[in-house]
Amino acid sequence: MEQLLGEEISQCKKLKIKRSEKVEIPECERKTAPGVITERSCAFYGARWILAPIEDAVHIVHGMPSCAYYGRTVRKKNYTLFSTDLREKDVIMGGAKKLYETILQAVNHVEAAKAVFVYITCVPGVTGEDLSLVCKKAESEINMPVVLVNCPGFSGVSQAAGQDIAIGVLFKHFIGNSTANESHNSYAEKSVNLLGEFNVQGDLDQIEGLLARLGINVICAFSGKASIDSIARGNKAKLNIVHCRRTGYKLAQAMKDKFNIPFIKLAFIGLNETADSLRKLSEYFDISRERVEALISEEMDKAKKEAAQYLEILNGKKAAVFFGASRMGSVTKALKEMGMEVVMVGSQFGCSEDYKEAACQANEGAVIIDDASEKELEALLMATEPDILLGGMKEKYMAHKLGIPFMVFPQEFSAFAGFSGFVNMAREAAGLISAPVWKMVKNRYRSNSIDKGVREKVRIAVASKSGIEVDQHFGKAEQFMIFDVSGDERELIEIRKASAVEDSCEAVKNSLQCRLDLIQDCNVIVCVKAGKCVHDKMQSDNKRLIEAQGDVISVLKMLSETAD
Ligand code: SF4
């Protein structure tokens, strides 16, 4: 593996190769080296990742319109966003007035708005203008909280910093501020919050559905399905479930300290993880063993039956994983459940626990990588040769250009959480891997792997006296260059000399047979010309005879390409 990756990549500290049971994790949460084009996003985008789904709030980006454009789409969904459209004059003279006016205008465009988030981007982050007074003034004018989200792009090494900032804002300004009636149904004995659950393509509906069958009620999903009110009621939960470690742990710890709510790390990706999570929850809430086991066995059997046809396709296939952060471990586990090998696991901003979990699940020899650049990812994919890459949108076209099926995660079409999510995930992966298009696409590494595996080596005899050109007739060839050719690779095995040809008919006949004997282990002959009897003999032996001229390498290349 080290040889395939080259010294520069294989020896960098952010990469580890899994050896036997020893779990080594890459150095992570460090700054990207200057000059490297990282796949990470900025802190502002991290804050958007958390806050964007809160639809009863007004979201204002204080900065250039380009930041607003960047922050508008989160998990492939477009959200309403306002920009203060800062210009040169505002940068020099201050943008406070513009922000104040934008707040007053924007609230009129969001029906039933209950709060305003003001995102501070790089330019106001650099000018350092104090905008808290503006927010206070607007707050008394519009009679709702106006909160600064101080997340200039440079405020951390990755989007993770912005996620922490946004979580801090929710905790400081909203959680526990509910004035709703305490007897509300949401405050039932068995009530939970889901921390770090983003309800991608209905993931939350799957989880909520399973919990509801155990009588467990979700108060707030931070932040896939969160309103200002449900966030405020979050302190009423009896348990916090940390779904995404990266965004959930800090909030869980803060809520434990302030509201005394215990927390537990669970995952609902994959059959076994989902089943284990349900068992842990039922234990915590003292739900009968029979009830949870009945639910698990019903759902598990159904899912296994539905997934069987897809697992047949996926069995033994190799997967590479590179996306956000903390779902690495759960997704790796689910892929293994599908019978796949996981040969690469990486993320843009994972923490050590994320890597530890993922490394434990990955296969022997798998590469574990933090913050890979596009160039590094390409080298890793070429070296690990996966049948599919699971990654964010940024990696999609790179994978396609390499000829690798690509599955976007977080997913695009259906829920991946829970038992039926497992079936959806298997269906999508199997469909992508077996799509006919991949047979027509030249795979930059698979041309080698097919040659090594599925496609057989072809032995070719080339009639060449010069050793450079195809320059001899078969019957008079003085020597044959013998090549083993496999896809784009070719190896000159040896040069075989033929005896000189005498002028009698019998001698010519003998010489043809001698030459055929000399190269009888070859499947293809390349020469300038050959007589009918040689053509016939090759045809009857089910071999190919190619009449060609030109330099040997070009002819062999042409043969490989036409063989594709
Ligand atoms: S890095 Fe700064 S300027 Fe760029 S999008 Fe993020 S906040 Fe805006």
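Trainee: Which residue in E6 stands opposite Ala-57?

Mentor: Opposite Ala-57 stands Ala-115 in E6. This is a predicted model, in which local features need pLDDT of at least 70 and side-chain atom pairs count only at pLDDT 80 or more, while totals for chains, interfaces and linings use all residues. Residues are numbered from 1 along each chain, as its sequence is written.

Trainee: What makes strand E2 and strand E6 a pair?

Mentor: Strands are DSSP runs of E with at least two residues, helices are runs of H or I with at least four, and both are numbered from the N terminus. Two strands pair if DSSP finds at least two bridges between them, and six bridges join E2 (residues 57-62) to E6 (residues 115-120), so these parallel strands meet the definition.

Trainee: Where do E2 and E6 sit in their sheet, and why does one side of strand E5 lack a neighbour?

Mentor: The open, parallel sheet has four strands in the order E5-E2-E6-E7. Strand E5 (82-83) and strand E7 (146-150) are at its edges with a single partner strand each, so one side of each has no neighbour in the sheet. Helix H6 (residues 96-107) packs on this sheet, touching E2, E5, E6 and E7 (residues are in contact if their C-beta atoms, placed from the backbone, lie within 7 Å).

Trainee: How do you know which residues are around the ligand?

Mentor: A residue counts as near if its C-beta atom, placed from the backbone, lies within 6 Å of the molecule, and the residues found around the ligand include Cys-42, Phe-44, Cys-67, Tyr-70 and Cys-122. The shell divides into six nonpolar, three polar and no charged residues, where Ala, Val, Leu, Ile, Met, Phe, Trp, Tyr, Cys and Pro count as nonpolar, Asp, Glu, Lys and Arg as charged, and the others, Gly among them, as polar.

Trainee: What describes the packing of helix H9 and helix H12?

Mentor: Helix H9 (residues 159-173) and helix H12 (residues 245-259) pack at an angle of about 30°, with axes 10 Å apart; axes are lines fitted to C-alpha atoms, for helices over the stretch in contact, and angles run from 0 to 180 degrees between N-to-C directions. Among the residues that meet are Ile-167 and Phe-171 in H9 and Leu-251 and Ala-254 in H12. This contact contains five nonpolar, two polar and three charged residues.

Trainee: Which strands stand at the edges of the other open sheet, ordered E1-E14-E13-E12-E15-E16?

Mentor: In that six-stranded sheet, whose pairing is mixed, the edges are strand E1 (15-17) and strand E16 (406-408), each with a single partner strand. The twist averages 15° from one strand to the next. E1 pairs with strand E14 (residues 367-370) in the antiparallel sense over three bridges, and Ile-17 has Val-367 as its bridge partner in E14.

Key:
Two residues are in contact if their C-beta atoms, placed from the backbone, lie within 7 Å.
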